[in-house]
Structures are given as structure tokens and as C-alpha cells.
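Me: Please pick one part of this structure and go through it closely. I would like to see how its pieces fit together.

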Amino acid sequence: MSVTIQKPPATACETCPIHHAANLRKLGVTMDNWDFVVALAGNPNTGKSTVFNALTGLRQHTGNWPGKTVGRAEGGFVYADQRYKIVDLPGTYSLLSTSVDEEIARDFILFGQPDVTVVVVDATRLERNLNLVLQVLEITDRAVICLNLMDEARRHKLKIDERRLARDLGVPVVPTAARYGEGLAELLQAVSEVATGQTVCKPHRIKNEPPALKKAVAQLASHIETIYPNLPNARWVALRLLDGDQRIAEALRKGELGDLNQGQPERAEEANLTLTLEAA
């Protein structure tokens with residue numbers, strides 16, 4: 001006669017989202033030190049600030065009109081005995097630096113090197129929101145998609161296969177209705193797993209580049225890495241330069257990329273860098 005001994009239900013419960021939600025302690029603006037930094041990005045009107053408030057206990061109010069939030073709000077929380085600093089970036093539709101808000105968001109995600117970037121998207125306008133998602137995934141390997149406003153999606157009888165979306169994007173996708181607290185426990189768990197390395201993201205990126213562009217990007221990225229060896233994503237910077245991004249070009253010429261990256265590289269002028277791009 002054999003006897004099977006099972007773990008007590010309480011131990012099994014420790015892995016469920018409800019148990020993890022109890023591990024959240026809101027810190028407000030009290031951030032003397034932290035273990036991980038989380039960037040919170042998203043289009044305007046996706047409920048991004050609602051997520052921020054729910055996690056920090058603050059009452060950050062933002063709008064999508066010029067000058068309302070040209071900067072970033074910061075707060076903190078403790079989750080599973082680890083301290084998180086969360087930075088609420090300005091709402092933006094892209095990271096192409098055509099406005100101050102876009103530049104602030106882009107520079108923090110690229111040069112601030114947060115441990116996790118949470119992109120809050122509107123479940124009722126997913127196609128429009130994916131533009132920003134794909135741009136963020138070009139920059140960082142550590143991201144979580146917060147599929148917010150699921151209550152509105154249900155009201156409009158919209159159904160989203162979040163598991164397939166997660167497979168296609170290569171990062172965790174968590175459905176939420178932040179104003180009601182729905183899905184926030186699962187979001188915290190996903191953020192924790194990415195931050196601690198339990199979940200390794202493999203974000204979707206454009207790979208079918210024309211041979212000439214692929215060669216140009218590789219050559220330019222190599223030159224950039226020579227001057228800025230600690231730059232987290234030289235390939236993305238190279239793509240922006242080839243696309244004519246004047247802000248990135250100016251930062252490269254003046255040596256500001258090093259300042260943004262908190263490093264001490266040679267200035268571009270002093271290195272007398274010459275970038276020669278040859279077509280394949």
C-alpha cells in the first residue's frame with residue numbers, strides 16, 4: 001500500500017495572483033533606495049496613471065494636452081520583499097522624438113535602462129496602440145504589456161486572445177481593468193518575474209531588412225559601439241540615425257549620448273568619427 005503526501009493548500013496558494021497581491025505595499029513618494037526600476041509608458045488615455053496610482057498609492061492626474069505632463073512622476077512600492085521605483089512617463093504615441101514628451105519617454109527607456117518597461121495599452125484600440133509597443137520592443141528586451149480597459153472591451157463585445165498576443169510579441173501580456181483593480185495582481189507577478197529574470201523575454205523585432213539596410217545598420221552600430229561601449233542598444237540608435245533623427249544625430253555629435261547613458265565616453269568630435277555607409 002502506497003501513500004501519497006501532498007503539499008498543504010496554503011503552500012500551493014503562494015503561487016497564485018491573489019496571494020501575490022497581498023505582498024504589495026504602496027510607498028507613495030518615499031523612495032530612498034530600490035532594487036528595481038520600472039518605466040510606465042503608453043498612449044494618452046490608456047489608464048496609465050490609474051495603474052501608477054494603484055501601485056504607489058499616489059494621486060497622479062495627467063492629461064493628453066500639451067504642457068500637462070511634460071516630465072515624469074515617480075513613486076514606489078514593495079512587492080514580494082523587493083522595492084520598486086516606478087516612473088510614470090508622459091503619454092506618447094511614438095518614440096520618434098517629434099515632441100518633448102516623446103523625447104523624455106524615449107531617453108528614459110533607452111538610456112535610463114529600467115529593469116522593466118510596462119507598456120499600458122487600450123484594449124479597445126489595440127491596433128493603434130501597438131505602434132508604440134513595437135517601438136519599445138525595438139529598444140528593450142525587458143517589457144510587459146498591460147492590456148488595460150478590458151472592462152470597456154467587454155462592454156463593446158471585443159475579445160482578445162492575450163496568450164497568442166504574448167506569443168507574437170515575445171513578452172508577457174496581462175489583461176487588466178486598473179480602475180477596478182482587476183488584473184493588477186497578475187501584472188505585479190509578471191513585472192516581478194521579468195525584473196528578477198524568471199521570465200526571459202524574446203521581443204518581436206523586424207528581421208526582414210533589405211540587405212543594403214542590414215549592412216548599413218551593422219556598420220554604423222559598430223562605429224557607435226566603439227565610441228559608446230556601454231550604450232544599451234546601438235542598433236536602435238543606428239536605425240534612428242539612418243531615419244534622419246536630428247535629436248539623436250545632435251546628441252552623437254556633441255557627445256551627449258554618453259551623458260544620457262551616465263558614462264564617460266570620448267566625445268564624438270574628439271574621436272573624429274567618420275561614418276561611411278556603403279550600399280551592398
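Reply: Buried means under 20% relative accessible area, exposed over 50%, and partly exposed in between, with a 1.4 Å probe and protein chains only. The model is predicted, so local features need pLDDT of at least 70 and side-chain atom pairs pLDDT 80 or more, while totals for chains, interfaces and linings use all residues. Residues are numbered from 1 along each chain as its sequence is written, and side-chain values use heavy atoms, without hydrogens and water.

Cysteine 146 counts as buried because its relative accessibility is 0%. Cysteine 201, at 10%, is buried too. The structure has zero disulfides (pairs of cysteine sulfur atoms within 2.5 Å).

Now the interior. The largest nonpolar core (buried Ala, Val, Leu, Ile, Met, Phe, Trp, Tyr and Cys joined through side-chain atoms within 4.5 Å) holds 72 residues. Val118, Leu187 and Ile224 have the most contacts inside this core. Helix 8, residues 184-195, supplies its largest share, seven residues; helices here are DSSP runs (H or I) of at least four residues, numbered from the N terminus.

Beyond residues up to four places away in sequence, Ile224 touches Leu231, Ala234, Val237, Ala238 and Leu241 (contact: heavy atoms within 4.5 Å).

Helix 10 spans residues 234-242, and helix 11 spans residues 246-254. Their axes, lines fitted to C-alpha atoms over the stretch in contact, come within 8 Å and cross at roughly 115 degrees, on a scale from 0 to 180 degrees between N-to-C directions. On the helix 10 side, Val237, Arg240 and Leu241 meet Ile248, Ala249 and Leu252 of helix 11.

Terms used
Helices (H or I, at least four residues) and strands (E, at least two) are DSSP runs, numbered from the N terminus.
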